[in-house]
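Visitor: I have a structure to read. Can you walk me through it feature by feature?

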Amino acid sequence: MIPSNNNLQSRDLEVLWHPCTQMKDHENLPLVPIRRGKGVWLEDYSGRRYLDAISSWWVNLFGHSNFQITQAIRRQLDRLQQVMLAGFTHESAVQLAERLVAMTPEGLCRCFLTDNGSSAVEVALKMSHHYWRNQGRPGKFRYICLEHGYHGETLGALAVSAVPLYRQAYTPLLMDALVAPSPEGSTREAGVTLEEHARLKFVEMEALLERHAAEVCAVIVEPLVQGAGGMRMYHPVYLQLLREACQRYQVHLIADEIAVGFGRTGTMFACEQAGISPDLMCLSKGLSGGYLPIAAVLTHEDMYQAFYDDYGKGTTFMHSHSYTGNSLACSAAVATLGLLQDHSFAGRLEQLETRMAQAAECFADHPHAGEVRQTGVIVAVEMVRDAQTREPYPVAERRGLAVYRYGLEHGVLLRPLGNVLYFMPPYVITPEQVGTMMETALRALHVATKE
Ligand SMILES: *Cc1c(COP(=O)(O)O)cnc(C)c1O
């Protein structure tokens, strides 16, 4: 059967079940079959193109069909596709770990590989507790996370996520985490700076740490931008205060940079803007340039040494996935890191940040655009009933879905998070395409907020 939009849509709905999707929506929302991608463009079977404004769920950094990454995978493909990483090793895994150790913040010198973001979070959570257990403190097994935080959807990662949409149905299955108020600035009082707001919110985090330090093994946060919780942004001072307090209370700091790592916030890693180094750093999404699933957890020597002992002592870190360190994924990641470390990259990223700020000014006067915020090359716009009072739309009205539909009809892939319209395009987007993307989104906002 020759594939076409129509026949893939109907065959798909016979057999597939899609992620985070109410399948009934597809009774009147057509699936979008994609036959190829090039640069910022995705193309369907009728030749219709969509500008990928969200980097295909934030993973694509250098565009689809990137020459260097494709070549790297091809070369690897001819030699070795997969070998288990227990007892064996291979060049791409070693290169990847070397590069990550060299580019991540000071002190992170050990790299543990996994397959996706959620599993990286599981590793960080398990490693933290196991560290304290190996230190003779097995009573440290609880976690502190942030309101609006998101760390993935497997049970451990979900337990430290505080976005009701993802958690609700599974609450009885989840371990009990401590939730601190978010430092994000969208709800702050008029006249309060982002920094003052972050300092204010930190008071409660500090109180939780003080009260529960004996039973808490780690705090987990998304540095600077809380992604899936609505692209909520906060001041780096919060991370400095948190780093210092974690040290003081003997609690690990886990930085989940799965979404914000690799340039998204304007620096290679978001932690750099606070000048801090976490105890554990989770990376995935952009790591392979959006080609293949892979993730990494970086940690320091003290962590590593707490597990390093004679086998009989039972201190071994017990975690593995069949495809850990897959060589094709590692080769894609090595090529991606090469592109990120190219001498001209930082300059281009800065230009994109400026261009996005400039283009986002088009939302300034719209009666239904609330806060417009930006960190690095992430821009978010709140859709609100009234831009003055910031009164939000009820989520049930699904205004975001209307934006998504309008976007598709007009050649731009936008996928708002509830009422939050956002842009996180591949870094190869041109200044002109940034304009097209934002102008289309503005018209989408206009249509979605009529009546
Ligand atoms: C996407 C995401 C995850 C989960 O990664 P998956 O690969 O989807 O499992 C975890 N943390 C953050 C901050 C993310 O954005």
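**Pockets, pairs and patches**

Guide: Start with the second largest pocket. Four elements, α4 (91-103), β4 (108-114), β12 (295-300) and α10 (301-307), each supply at least two residues of its lining. Helices (H or I, at least four residues) and strands (E, at least two) are DSSP runs, numbered from the N terminus. This is a predicted model: local features need pLDDT of at least 70, side-chain atom pairs count only at pLDDT 80 or more, and totals for chains, interfaces and linings use all residues. Residues are numbered from 1 along each chain as its sequence is written, and side-chain values use heavy atoms, with hydrogens and water left out.

Visitor: Which element gives the most to the lining of the second largest pocket?

Guide: Strand β4 does, with four residues. The whole lining has 30 residues, and L85, C111, F112, Y304 and F317 lie nearest the centre.

Visitor: How is a pocket told from a cavity, and what volume does the second largest pocket have?

Guide: First the idea. Rolling a probe the size of a water molecule over the atoms shows where empty space is left. The work is done on a 1 Å grid over the protein atoms alone. A cavity is a set of points where a 1.4 Å probe fits but cannot get out. A pocket is an open set with protein on both sides within 12 Å along at least five of seven lines. Lining residues have an atom within 4 Å of a point. Grid points are joined across faces, edges and corners, and a volume is the space filled by probe spheres set on the points. Here the second largest pocket has a volume of about 1,000 Å³.

Visitor: What classes of residue make up the lining of that second largest pocket?

Guide: It has 19 nonpolar, nine polar and two charged residues. Ala, Val, Leu, Ile, Met, Phe, Trp, Tyr, Cys and Pro count as nonpolar, Asp, Glu, Lys and Arg as charged, and the others, Gly among them, as polar.

Visitor: Now the closed spaces. How many cavities of 30 Å³ or more does the structure hold?

Guide: One. The largest cavity has a volume of about 30 Å³. W58, L61, I258, A259, G261, F262, R264, K285 and G286 line it. By class, that lining has five nonpolar, two polar and two charged residues.

Visitor: On to charges. How many salt bridges are there?

Guide: The general idea first. Side chains of opposite charge can pair when their charged atoms come close. The rule asks for a side-chain nitrogen of Lys or Arg within 4 Å of a carboxyl oxygen of Asp or Glu. By this rule the count comes to 20. In one of them, R110 and E301 meet at 3.1 Å, N to O. That pair links distant parts of the chain: R110 sits in strand β4, E301 in helix α10, 191 residues apart.

Visitor: Are R110 and E301 buried or exposed?

Guide: Neither. R110 counts as partly exposed because its relative accessibility is 30%. E301 is also partly exposed, at 29%. The scale runs like this: buried is under 20% relative accessible area, exposed over 50%, partly exposed in between (1.4 Å probe, protein chains only).

Visitor: Which residue does K313 pair with?

Guide: D309, with the closest N and O atoms 3.4 Å apart. K313 is exposed because its relative accessible area is 52%. D309 is partly exposed, at 44%.

Visitor: And R385?

Guide: R385 forms a salt bridge with E391, the closest N and O atoms being 3.7 Å apart. Elsewhere, salt bridges that share partners join R188, E371, R373 and E382 into one network.

Visitor: What about backbone angles? Where is H148, the non-glycine residue with a positive phi?

Guide: H148 is in the loop between β5 (142-146) and α6 (155-159). Its phi is about 70°. H148 is buried because its relative accessible area is 18%. R390 is another non-glycine residue with a positive phi, near 65°. R390 lies in the loop between β14 (378-386) and β15 (391-392), and is partly exposed at 40% relative accessibility.

Visitor: Last, the surface. Which residues make the nonpolar patch of about 310 Å²?

Guide: L155, Y170 and L173. Patches are made of residues with over 30% relative accessible area and no salt bridge: like charges are joined within 9 Å, nonpolar side chains (Val, Leu, Ile, Met, Phe, Trp, Tyr) within 5 Å. Accessible areas come from the Shrake-Rupley method with a 1.4 Å probe; for residues, only the protein chains shown count as cover. L173 lies in the loop between α7 (164-167) and β6 (178-180). L173 counts as exposed because its relative accessibility is 54%.
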